[in-house]
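Me: Could you take a close look at one part of this model for me, namely the contacts between charged and aromatic side chains? I would like the cut-offs spelled out as you go.

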Amino acid sequence: MHRTGSLFNHGHLRDHLHNQLGKITQVVDAWDAETLLTTPEADIIEDLTNDFRITMPTLNREDVEIEPLKESYGVVEHFGDSIKVRQNTITMLIPYTGDRVVFTLQPNTYTTPAPQGTVTDTEVTLVWSGQSTDQDFVRRALDQKITELTKWLDWARGEINGYNQQIEQVIPQRVHARKKALLASRNLEASLGFPIRKRKDAKTYEVPLIRKKIKTESVEASADASFRPEPVLADADYEDALRVLKNARNQLERSPSLVGKLDEEEIRDLLLLALNSQFEGAAAGEVFNFKGKTDILIRVEDRHVFIGECKFWKGPKTITDTLNQLLGYLTWRDTKAAVLLFVRDKAFSDIVTKALDRLEAHPNFKRRGSTDEFGTRHDFIFHVDGDPSREVRLAFLPFHLRPLGTGD
């Protein structure tokens, strides 16, 4: 038997939402420092946002069920006399999806009395009792109860939508602020000149691609106890290298008489020539080189800090094989990469769509990044095998290299 009580009567919704916002800082501050520093910031933000987001309940009116009708007797007063009357009781079970807590809290807008019923994690129970046996009358009474419940949910919706928008701003701010504070503390330890007991702090360092010069440079960065000195390519230099590759692509696409005769290695060599005409290493040597037949890479010590794979389109398996090969090289933190796909078919747009689908289908795919306004560059985040916390930024650059005389 269901014990019916008032819904929306266990506190005020606005107070609950205010308290939840206040808990965000507490939860972020309570995160283990090692975990926070070694986990990608976007993953932390996503996890916390999912934890704090409130999902508005949605009633599934199509799957409403009723329990068998029950008869009961009650006493009513009639001109001073107590009369025993028979009543019918119908219990409706309404499935829903969303967060149960919304049914328990009073929104800013409300009426009295509140709807009567009970709620579990999956369904709301509403009860109607009366003497009528008229089918239409009873059905209208049941529908009215559902309508009333829906109205209260609608009143709560605006407050919850505003709260969800707030957490999408507050959580990234809090996470970024704490991570910045932790890194400042670690760098302070490293700069004092004294050994820190039971810790082997190490500085990461960037490999900045400076126009006409490249060198390894130590910077105060993510000095976490579990970090090792790992060369990384500076973001600005990664963007500069991709701009050079895009410009080279534009030139190749305008030269069908040239590219129609070239294979993968020859096209790669032209791209290497373009890159090394713009950048050089600390010893005035070429910074971009290659190891295999189709790759373009920057190698510092025993690390590839940038790697690009050049492939002709031979079907969707081209993307899978290329990703497997590329991700097999990458086993460290904060690595940049590029897939340069050469397409000679006329159906260029269709092939790009198939390639993008295959990129997202890869088991190491984490999320999409941005796409430029012309669709000539698509950014992705992947992770290395077996370690979702070690991310790889990957730019996908498709080349439409039509042989001479093929037309559009």
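Reply: Happy to; here is a walk through the salt bridges and ring pairs, with some background on the whole chain.

This is a predicted model, so to speak of a local feature requires pLDDT of at least 70, and side-chain atom pairs count only at pLDDT 80 or more, while totals for chains, interfaces and linings use all residues. Residues are numbered from 1 along each chain as its sequence is written, and side-chain values use heavy atoms, with hydrogens and water left out.

Let me set the scene. The protein has nine helices and 18 strands; these are DSSP runs numbered from the N terminus, with helices (H or I) of at least four residues and strands (E) of at least two. Of its 408 residues, 42% count as buried; buried means under 20% relative accessible area, exposed means over 50%, and partly exposed lies in between, with a 1.4 Å probe and protein chains only. The accessible surface comes to about 21,900 Å², and carbon and sulfur atoms hold 50% of it. Those areas come from the Shrake-Rupley method with a 1.4 Å probe, and for residues only the protein chains shown count as cover. Among contacts with a separation of 6 or more, 70% are between residues 24 or more positions apart, where contact means heavy atoms within 4.5 Å.

Now to the charged side chains. Side chains of opposite charge can pair when their charged atoms come close. A salt bridge here is a side-chain nitrogen of Lys or Arg within 4 Å of a carboxyl oxygen of Asp or Glu, and by this rule there are 17 salt bridges. One of them joins Arg367 to Asp43, at 3.3 Å from N to O. This pair links distant parts of the chain, since Arg367 belongs to strand E16 and Asp43 to helix H3 (residues 41-52), 324 residues apart. Arg367 has a relative accessible area of 23% and is therefore partly exposed, whereas Asp43, at 12%, counts as buried.

A second bridge connects Glu168 and Arg53, with the closest N and O atoms 3.8 Å apart. Here too distant parts of the chain are linked: Glu168 is in helix H4 (residues 135-191), Arg53 is in the loop between H3 and strand E2 (58-59), and they are 115 residues apart. Both ends are partly exposed, Glu168 with a relative accessible area of 46% and Arg53 with 31%.

Asp321 and Lys317 give a local example, their closest N and O atoms being 2.8 Å apart. They are four residues apart in helix H8 (residues 317-329), so about one helical turn separates them. Asp321 is partly exposed at 37% relative accessibility, while Lys317 is exposed at 55%. Elsewhere, salt bridges with shared partners tie Asp43, Lys366, Arg367 and Glu391 into one network.

Next come the rings. A pair of aromatic rings is described by the distance of the centres and the angle of the planes. Rings of Phe, Tyr and Trp (its six-membered ring) pair if their centres lie within 6.5 Å; planes under 30 degrees apart are stacked, those over 60 are edge-to-face, and the rest are tilted. The whole structure holds 10 aromatic pairs. In one of them, Tyr96 and Phe103 have ring centres 4.8 Å apart and planes at 65 degrees, so the arrangement is edge-to-face. Tyr96 and Phe103 are both buried. Phe365 and Phe382 are also edge-to-face, because their planes stand at 75 degrees, with centres 6.0 Å apart. That pair links distant parts of the chain, from Phe365 in strand E16 (residues 365-371) to Phe382 in strand E17 (residues 378-384), 17 residues apart. Phe365 is partly exposed at 21% relative accessibility, and Phe382 is buried at 0%.

Tyr96 and Phe103 also belong to one aromatic cluster that includes Phe8, Tyr110, Trp152 and Trp155.

Finally, a charge meets a ring: the charged end of Arg249 sits over the ring of Phe399, 5.7 Å from its centre. The rule for this asks that NZ of Lys or CZ of Arg be within 6 Å of the ring centre and within 35 degrees of the ring normal.
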